[in-house]
Amino acid sequence: MAMRPLPPLTAARPEEILLPVKPWFIVFTLVLALLLNLLPARGLWQAMRPDLLALVLLYWCIQQPRFVGVGGAWILGLVMDVADANVFGQHALAYAVRAYAAEFFHRRVLRFPLWAQAIQVAMLLASCQALVLLVRVFSGAAGVGWSYFLASLTGAFLWPPASVLLQWPQRPPSALEP
């Protein structure tokens, strides 16, 4: 019995038909992103570290809006608030707004190549980061500098490779050539 070749680790072409996504894979990637968010960071990496849960949640809201939506984003945001010991509801609000925007713009975003999607993702990440900052300021936290928004740029740079990796299990195996 011959093994089927693995799909290439590149972005799917527009004419390529993808396999249906497995719900367990969506849950696995969201839990993994949550755990990676909780890893400690210091210095410059702390300022540049993107919200991986927000990035993966944004990917699934754009790619699979029927499976992942505003309710799931709200619940994951509450989990992130409890795990991060922040103002209760700030991540939930930001994730829910981000999920709504992703569902609203998902057809538009998918029409562009990955590098152009990254620009739109940067805007979504930065706007929701501003919303979290607004909640923090209203709750009495000190202001932050411009470096607070570096995480949005890092998330935008991670969008193309994250999209390729998250899409990889859905790609059909390459056909054997004679």
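Let's start with one residue: Leu36 has 36% relative accessibility, so Leu36 counts as partly exposed. Here "buried" means under 20% relative accessible area, "exposed" means over 50%, and "partly exposed" lies in between, using a 1.4 Å probe and protein chains only. Leu36 sits in helix H1, which covers residues 23-37. Helices (H or I, at least four residues) and strands (E, at least two) are DSSP runs numbered from the N terminus.

Before going on, a word about what you are looking at. This is a predicted model, where local features need pLDDT of at least 70 and side-chain atom pairs count only at pLDDT 80 or more, while totals for chains, interfaces and linings use all residues. Residues are numbered from 1 along each chain as its sequence is written, and side-chain values use heavy atoms, with hydrogens and water left out.

## The whole chain

How many helices and strands does the chain have? There are seven helices and zero strands, so to speak an α-α-α-α-α-α-α order from the N terminus on. Of the 178 residues in the chain, 39% are buried. The chain exposes about 10800 Å², and carbon and sulfur atoms supply 71% of that area; accessible areas come from the Shrake-Rupley method with a 1.4 Å probe, and for residues only the protein chains shown count as cover.

Contact means heavy atoms within 4.5 Å. Among the contacts in the chain with a separation of 6 or more, 71% are between residues 24 or more positions apart.

## A patch on the surface

Leu36 also belongs to a nonpolar surface patch of about 520 Å², together with Trp24, Phe28, Leu32 and Leu39. Patches are made of residues with over 30% relative accessible area and no salt bridge, joining like charges within 9 Å and nonpolar side chains (Val, Leu, Ile, Met, Phe, Trp, Tyr) within 5 Å. A salt bridge is a side-chain nitrogen of Lys or Arg within 4 Å of a carboxyl oxygen of Asp or Glu.

## Rings that meet

The structure holds six aromatic pairs. Rings of Phe, Tyr and Trp (its six-membered ring) pair if their centres lie within 6.5 Å; planes under 30 degrees apart count as stacked, over 60 as edge-to-face and the rest as tilted. Two of these pairs share Tyr59:

| Pair | Centre distance | Plane angle | Type |
|---|---|---|---|
| Tyr59 and Trp60 | 4.9 Å | 75 degrees | edge-to-face |
| Tyr59 and Trp159 | 5.9 Å | 55 degrees | tilted |

The Tyr59 and Trp159 pair links distant parts of the chain, with Tyr59 in helix H3 (residues 52-63) and Trp159 in helix H7, 100 residues apart. Are these two residues buried or exposed? Both Tyr59 and Trp159 are buried. Trp60 has 0% relative accessibility, so Trp60 counts as buried too. Ring pairs link Trp24, Phe25, Tyr59, Trp60 and Trp159 into a cluster.

## Helices H5 and H7

Val109 lies in helix H5 and is buried, with a relative accessible area of 3%. Which residues does Val109 contact, leaving aside neighbours within four places in sequence? They are Ile62, Gln117 and Gln120. Val109 and Ile62 are 47 residues apart in sequence, yet 7.7 Å apart in space, C-alpha to C-alpha.

Ala101 is also in helix H5 (residues 90-110). The C-alpha atoms of Ala101 and Ile62 are separated by 9.2 Å.

Finally, Thr154 lies in helix H7 (residues 150-167). Thr154 has 13% relative accessibility, so Thr154 counts as buried. Not counting residues up to four places away in sequence, Thr154 touches Met48 and Pro50.
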